[in-house]
There are 2 protein chains.
Amino acid sequence: MATIKDVARIAGVSPSTVSRVIAGSSRISASTKEKVRYAMEEVSYVPNAIARSLARSNTRSVGFTLSRRADQAFSNPFFSEVLRGISSIAQQKDYNILLSISRDEQEEKEKCLQLIRERRVDGLIVSTSRVKDTLISALVKEEAPFVVIGRSMGIPVLSVNNDNRQASKEATCHLLDEGYRSIVFISGPRDLVVSLDRLEGYKQALVERGIPVKPERIVSVDFSEEEGFSALCTLRENRVAFDAVLASDDLFALGALRFARHYRISVPEELGILGFNDTPMMPYTYPPLTSVRILSYELGMEAISLLIEGLEQPEKRQVKKEVVLPSLLEVRQSTQKEAAPIID
Amino acid sequence: MATIKDVARIAGVSPSTVSRVIAGSSRISASTKEKVRYAMEEVSYVPNAIARSLARSNTRSVGFTLSRRADQAFSNPFFSEVLRGISSIAQQKDYNILLSISRDEQEEKEKCLQLIRERRVDGLIVSTSRVKDTLISALVKEEAPFVVIGRSMGIPVLSVNNDNRQASKEATCHLLDEGYRSIVFISGPRDLVVSLDRLEGYKQALVERGIPVKPERIVSVDFSEEEGFSALCTLRENRVAFDAVLASDDLFALGALRFARHYRISVPEELGILGFNDTPMMPYTYPPLTSVRILSYELGMEAISLLIEGLEQPEKRQVKKEVVLPSLLEVRQSTQKEAAPIID
DNA sequence: CTGTTAGCGCTTTCAG
DNA sequence: CTGAAAGCGCTAACAG
């Protein structure tokens, strides 16, 4: 493998001149530039990224970490879409992505700190949003440049998030507009900020419409189809009446669908079902499920843009900035009580 | 940030001694080892991975690249499961993953070559398997250490793959066993090795059972639900009779399900539907779809294991080795013609 | 505009 | 068992 010295020797110049040509320095005569270019071609020279990193003390790579629980929580497509978004900007700005998937928050924290301390990455994108988030605290303490996908409570940080509260509110209003009156809210674990925000939106919509918020209509369970299913079964056993389900995750919505089928409750006539995340398969369930589409790809793009901006212009680095992306309600048959029955 | 020199100074030894302690060299007295450990704690020293990489000329990181088309082809969950598998071993063996998602094969090829030439990674995992694969040829020419997820035709390489031919054959036999006789095969693009292999298995099963292979029952379309749907509509318009669909991707199976619903054809009684990949949502369609489960997580694990093995023991590096993982047929209602109707 | 000189932080002979 | 010295390949003042 050819080095900068080989190129220098062939071109009859010093290594630093070659380095300048690579860097595109302006104060280099056209002729030597030419010679160097030629020599580089000659030995098919490619700069060694590691050596460059050492000399410049930056790596041009950013870490993206997540723990499996978050992965599950958001469901897979979310995760890979975010990654695609990150990747697209990384490609464009010539950054690399170092990926790490951990089993739990603790492991993720250690991995993040390791990446930073070993100087393997210039900054991090983390996808976490617990109410009391130890990962975020650790990164702040370490003074690591990082961006959160989600919302940080308490500690001010750079973050990109979708507007969960607003989206949840709109979803609730949609159900009300369709004529549903007794809406059950299935929430994910309460220690996730996203759960709080979505619950908040649900409540807010009801309050604004003058509809009482009944605690028995709010349940919180772990993310899984099964949990969604049995949560509704339990409500039914307890004779809690409801005519719609606002599921804070598509998995819950699937569980609700199974619940309806199980008890021969017609959707959307007798039960409206609305999910979150708009998993690619939502249009293909029967009936197709209404769901809140999260701009996951864009979330990834925004996150890395924000990170790189801070890395490249440390002078105007901010402590706190929240980018909030809108969500889109994808209305499908599962909530269209009013519409005429559809023959697809 | 503390360096090895700081530690050396505090411990009253030379940098090389510190280096030896880090490396766990045996010929170091217990007492100095102790002193050095203490000094490291003192300044909370963490070795700089970049400097180490430069000195040892290896990075302890591997690249995983894929192009969007492959991503689509395999559908998202496949991709993220593979990544999880790769990540689990990487974590365990203390390797890092450098991820790159490209828009097309050409871009992916360039990115791969760049990662190798810049010496940013020690090796690559690529997920590609075209009939004439330019990426694989390029990597061989570059003499880059790499492992393919999929099957390489022609060029001998290290690869891990699931047994598509066998799985497809078993799936076909399952349909036959359930009493279906006229099976349509919906294939993905013909330039993918996976398409060929699955088609091959289908044919083989029919031949073995003495059932004629009818060309009009074999269609090849791009991966999408819509394409699957319209392929079947076209068949119907052309009065091609069939009582089962072997879909070489779950998306096609979803399309088939919509087709059945559209024409009020009952599944599984009048039409059996069987997909490939066993996307997490398959159990939740109605009726639940039978699908071939691919061990994607394991595929990732095997791939990186194979790669690392070659990296760490160059002496017994092999040119060709194909690891083949079995697939599992997940039988659900969509193919259970014989079973009594189910009230879920 | 270009060369010389010192590193970046760690590893690794080679002596002792 | 330990230290000195010479890199790994590149960048970045500092001169000229």
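1. By class, the surface near DNA strand D in this predicted model comprises nine nonpolar, nine polar and five charged residues. In total, 23 residues surround the strand, and the closest are Ile4(A), Tyr45(A), Thr17(B), Arg20(B) and Thr32(B).

2. Both protein chains contribute helices to this surface: α2 (15–23) and α4 (49–56) of chain A, and α2 (15–23) and α4 (49–56) of chain B, each supply at least two residues. The largest share, four residues, is that of α4(A).

3. Sugar or phosphate accounts for 68% of the atoms of DNA strand D within 4 Å of the protein, and bases for the rest. On the phosphate side, an N or O atom in the side chain of Thr32(B) is 2.9 Å from a phosphate oxygen. Two base contacts may be noted: a polar side-chain atom of Arg20(A) lies 3.2 Å from a base nitrogen, and a polar backbone atom of Ala55(B) is 3.3 Å from a base oxygen.

4. Between the protein chains, the contact takes 52 residues from chain A and 52 residues from chain B. The buried area is about 5200 Å², with carbon and sulfur atoms giving 59% of it. The rule finds zero salt bridges across this interface, whereas 12 residue pairs are in polar contact.

5. On the side of chain A that touches chain B, α6(A) gives the most, with eight residues. That side has 21 nonpolar, 14 polar and 17 charged residues.

6. The strands β2(A) and β2 (residues 96–102) of chain B run antiparallel and are joined by three bridges. Within this pairing, Ile97(A) has Leu99(B) as its bridge partner.

Conventions. Residues numbered from 1 in each chain as written. Chains lettered and ligands numbered in written order. Predicted model: local features only at pLDDT ≥ 70, side-chain atom pairs only at ≥ 80, totals over all residues. Heavy atoms only, no water. Near = heavy atom within 4 Å. Polar contact = N/O pair within 3.5 Å; in protein donor to acceptor, adjacent residues only side chain to side chain. Nonpolar A, V, L, I, M, F, W, Y, C, P; charged D, E, K, R; others polar. Contact = heavy atoms within 4.5 Å. Buried area = accessible area lost by both parts, 1.4 Å probe. Salt bridge = Lys/Arg side-chain N within 4 Å of Asp/Glu carboxyl O. Pairing = 2+ DSSP bridges.
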